[in-house]
Amino acid sequence: MNISDQYSDFSQDCHSLVSKYLTKVLFEHLKDKRTNNGFSLQQAINSGVVNPDSGIGIYAGDEASYATFAPLFDPIIEDYHGYGKDRLHISNLNPEDLNAANPDPEGHYIISTRIRVARNLHGLPLGTTISTEHRKLVEQRVVSALEKLVGDLAGRYYPLKTMSEADRARLISDHILFKAGDRFLQAAGLNRDWPESRGIFHNNDRTFSAWVNEEDHLRVISMQIGGDIKQVFTRLSAAVAEIGRELEFSRNHHLGYITSCPTNLGTAMRASVHINLPKLATDMAQLTSIADEYHLQVRGMHGEHTASEGSIFDVSNRRRLGVTEVECVQDMYDGIVVLIKIEQTL
Ligand code: ADP
Ligand code: CIR
């Protein structure tokens, strides 16, 4: 990483939130501050400086980053999540509270459903600045917790380091495994020591998986073919409860679960479907405008910063902070119901 301690003017065509809120005056005010882990403003904004096409452009190094650099993080969080700095975040992972009968029981549109949450261990730096030793410690603690899972959630851990290239490529194309971070994560420091202490845990039928030391210390994932969103959420909720008995996660009353990227704060949840919308696909302006209205985000089929393939999209909740987990999934569900209805009328 080549990190500058000089303020860099963001160009006119840079629209990231970091460029919107980081004035020269604010840069000067924050540039010599460090968190208890030595994390600096320059490290936090490097991804947005190196990648002027970032949407956000900032990452945290630890929970303290959000307080130390609050004059920059607060407006970014308010802008992205519509969440003010005096609000409290409330959690609800109770599947009984979700109103989500399968919106596509005949399987015409929804190919698969996936819900993930991010978690980071309390007291350890985030992946952007974690040391080799601490990353290893995270792996040991997380894998030990995962190996205690029983029943449908029981599975095995596969470290990336000892995985064959063929297995790795197959798991990535099956949407099970993560790939090395893209240029945004690279510039945030998240690819350091790759693939050391990274790996995936999954159960036999691969409906439950956990990513270790990707963008966050832990990602807990529930996924299956089809549109039974409630079943996917129920499995996720059970897994999170079990894992939470073994590990203490970084969280607070204002920001909820602490994550490397401020877009994931709060529930740290992304609930998505892979959905085939051949008619809407011919009118991206309409698709985007419905997505905005229902707080949805549209991604490509191979994850963030990828293009969609044909008419298949990854559609997920956009809001994660100041809403409960149930509301995140409900957002996705309500939007999907509308998208399917409109697709049917076209
Ligand atoms: P995140 O973990 O933040 O959701 P990505 O957008 O990079 O990150 O997605 C991770 C992987 O999960 C990608 O391979 C993506 O294709 C896959 N994925 C996301 N949603 C679904 C879904 N509904 N069905 C199947 N795979 C999915
Ligand atoms: C960016 O700023 O565009 C990247 N760092 C990714 C931000 C998080 N992703 C997202 O909101 N889709």
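For the shells described here, Ala, Val, Leu, Ile, Met, Phe, Trp, Tyr, Cys and Pro count as nonpolar, Asp, Glu, Lys and Arg as charged, and the others, Gly among them, as polar. The structure is a predicted model, in which local features need pLDDT of at least 70 and side-chain atom pairs count only at pLDDT 80 or more, while totals for chains, interfaces and linings use all residues. Residues are numbered from 1 along each chain as its sequence is written, chains are lettered from A and ligands numbered from 1 in the order in which they are written, and side-chain values use heavy atoms, with hydrogens and water left out.

Ligand 1 is a good place to start. Its shell, made of residues with a heavy atom within 4 Å of the ligand, holds 18 residues, and Ser-112, His-175, Ser-272, Arg-299 and Met-301 are the closest. By class, the shell around ligand 1 contains four nonpolar, seven polar and seven charged residues. At least two shell residues come from each of β1 (110-119), β5 (218-225) and β8 (269-276), strands being DSSP runs of E of at least two residues, numbered from the N terminus.

Polar contacts (pairs of N or O atoms within 3.5 Å) link several side chains to ligand 1. A side-chain N or O atom of Ser-272 lies 2.7 Å from a nitrogen atom of ligand 1, and a polar side-chain atom of Arg-114 is 2.8 Å from an oxygen atom of the ligand. Asp-314 places a polar side-chain atom 3.4 Å from a nitrogen atom of ligand 1. On its own, ligand 1 has 560 Å² of accessible area, of which the protein covers 92%; such areas come from the Shrake-Rupley method with a 1.4 Å probe.

Attention now turns to ligand 2. Here 13 residues surround the ligand, with Gly-55, Ile-56, Gly-57, Tyr-59 and Glu-304 coming nearest. The shell of ligand 2 comprises five nonpolar, six polar and two charged residues. Domain 1 (17-81) and domain 2 (95-345) each contribute at least three residues to this shell, the bounds being taken from an automatic or database domain assignment.

Two backbone contacts involve oxygen atoms of ligand 2: a polar backbone atom of Gly-55 lies 2.7 Å from one such atom, and a polar backbone atom of Gly-57 is 2.9 Å from an oxygen atom of the ligand. From the side chain of Gln-297, a polar atom lies 3.1 Å from a nitrogen atom of ligand 2. The protein buries 89% of the 340 Å² that ligand 2 exposes when taken alone.

Backbone geometry adds a further detail in the loop between α8 (183-187) and β3 (199-203), where Pro-195 is found. The peptide bond joining Trp-194 and Pro-195 is cis, with omega about 0 degrees. Ser-197 is also found in the loop between α8 and β3, and this residue has a positive phi of about 60 degrees although it is not a glycine.

Note on methods: Polar contact = N/O pair within 3.5 Å; in protein donor to acceptor, adjacent residues only side chain to side chain. Helix = DSSP H or I, 4+ residues; strand = E, 2+ residues; numbered from the N terminus.
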